[in-house]
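Student: Could you take a close look at one buried spot in this model for me, and tell me what surrounds it?

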Amino acid sequence: MSWQDWETDAMARALALARRGRGAVEPNPMVGAVIVRDGVVRGEGFHRRFGAAHAEVEAIRKARDSARGAEMFVTLEPCSHYGKTPPCTEAIMTAGLKRVVVAMRDPFERVRGRGLAALRKAGIRVETGLLGDDARALNAPYLKLRTTGVPWIVAKYAMTLDGNIAAASGDSRWISCEKSRREVHRLRGLVDAVVVGIETVLADDPLLTARPSGRRTAARVVIDGRARLPLDSQLVKTALDAPLVVAVDSRAPVRRVKALEAAGAHVMALPGEDGVDIAALAGELGRREMTNVMVEGGSKVLGCFFAARLVDEVMVFVAPAFLGQGVRPIAGWRIDEMAAAARLDKLTSRRLDCDLLVRGRVVYAGTT
């Protein structure tokens, strides 16, 4: 189907509005809606936060009576079921819209074509696909969670220009500049969980919170098979202020588990006799409807996530420094042929003072 320029512009505006919900709406998708009548935008809206009015309803409220006989451009299929809010399809029918253009269908089992069918049954003209690729890219984390049960996983690390995340001694403070560190705190305030390994905790005693706080309070997740997390660590001491999850395996001593729980940590017992099963961890985070998860290291943890082909996106802060022999970002994951290398798609880069932030989506060999 060929689309007119004004239609594309309307959907692009809806996508821009949808992005404003990032970090506030999850596990719901980001959605934007624009109502046009006689070539003029009469109302627009976006899903502002989880539990609040959906984008379609907000746009209709702003359009008021001018919504009758108008056209709506919405980034995701309108819902047709009762959840936190009433069905958007009912609001669209009541408003008297004559046409609804939808960027993409919703894979959520309670929607999945039912919204489109309900609108068509009511005599409303429905068309799909306008800027669909952009809509799918915007809500890739939501789509992954709904179709696989696993969160969108971002691998984040800082490294020197010669590819080290720490000196040979283990020292890593600070590879990245202050502006880069502020960006990391901003990102922590948008995700559901921040994951690190116990070795990182023992070496750095991190807090792993967003400072200043963001839209979300991320759960701090420590992969700690034997429950070695010190009770006097910053993580445990702040367990009542920000969620702390300790993922252990069958080797974890019961007394250590009970001590961590008594201190306010949630201990997650997962399969594994020689380390926590990473796939099981990802599945459990998904079961808890965590949409975006950021893995901050160390190198063994990053390697496990890559080896399990669970990393969806990479964010690397590259500092203009050299360490020679040091600690590599990814350990325990090996590919012997360049043809089988994982590569980045949708690659972007930007300067943060002296650092360079490189970001892209991971494409594994054999996938599209």
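Tutor: Happy to; I'll start with one glutamate and then add a pair of helices for context. The model is predicted, so local features need pLDDT of at least 70 and side-chain atom pairs count only at pLDDT 80 or more, while totals for chains, interfaces and linings use all residues. Residues are numbered from 1 along each chain as its sequence is written, and side-chain values use heavy atoms, leaving out hydrogens and water.

Glu296 sits in strand E12, residues 292-297 (strands are DSSP runs of at least two residues, helices of at least four, numbered from the N terminus). With a relative accessible area of 14%, Glu296 is buried (under 20%; exposed is over 50%, and partly exposed lies in between, with a 1.4 Å probe and protein chains only).

Two basic side chains reach its own: Arg188 makes a polar contact at 2.9 Å, and Lys156 makes one at 3.4 Å (a donor and an acceptor, N or O, within 3.5 Å). Beyond its neighbours within four places in sequence, Glu296 is in contact with Lys156, Val184, Arg188, Val194, Val195, Val196 and Leu208 (heavy atoms within 4.5 Å).

Now for the helices. The axes of H3 (residues 88-95) and H4 (residues 114-121) come within 10 Å and cross at roughly 20°, so the two are roughly parallel (angles under 35 degrees). Thr89, Ile92 and Met93 of H3 meet Gly115, Ala118 and Leu119 of H4. Those contact residues divide into four nonpolar, two polar and no charged (Gly counts as polar).

Definitions and conventions: Axes fitted to C-alpha atoms, helices over the stretch in contact; angles between N-to-C directions. Parallel < 35°, antiparallel > 145°, perpendicular 65-115°, else oblique.
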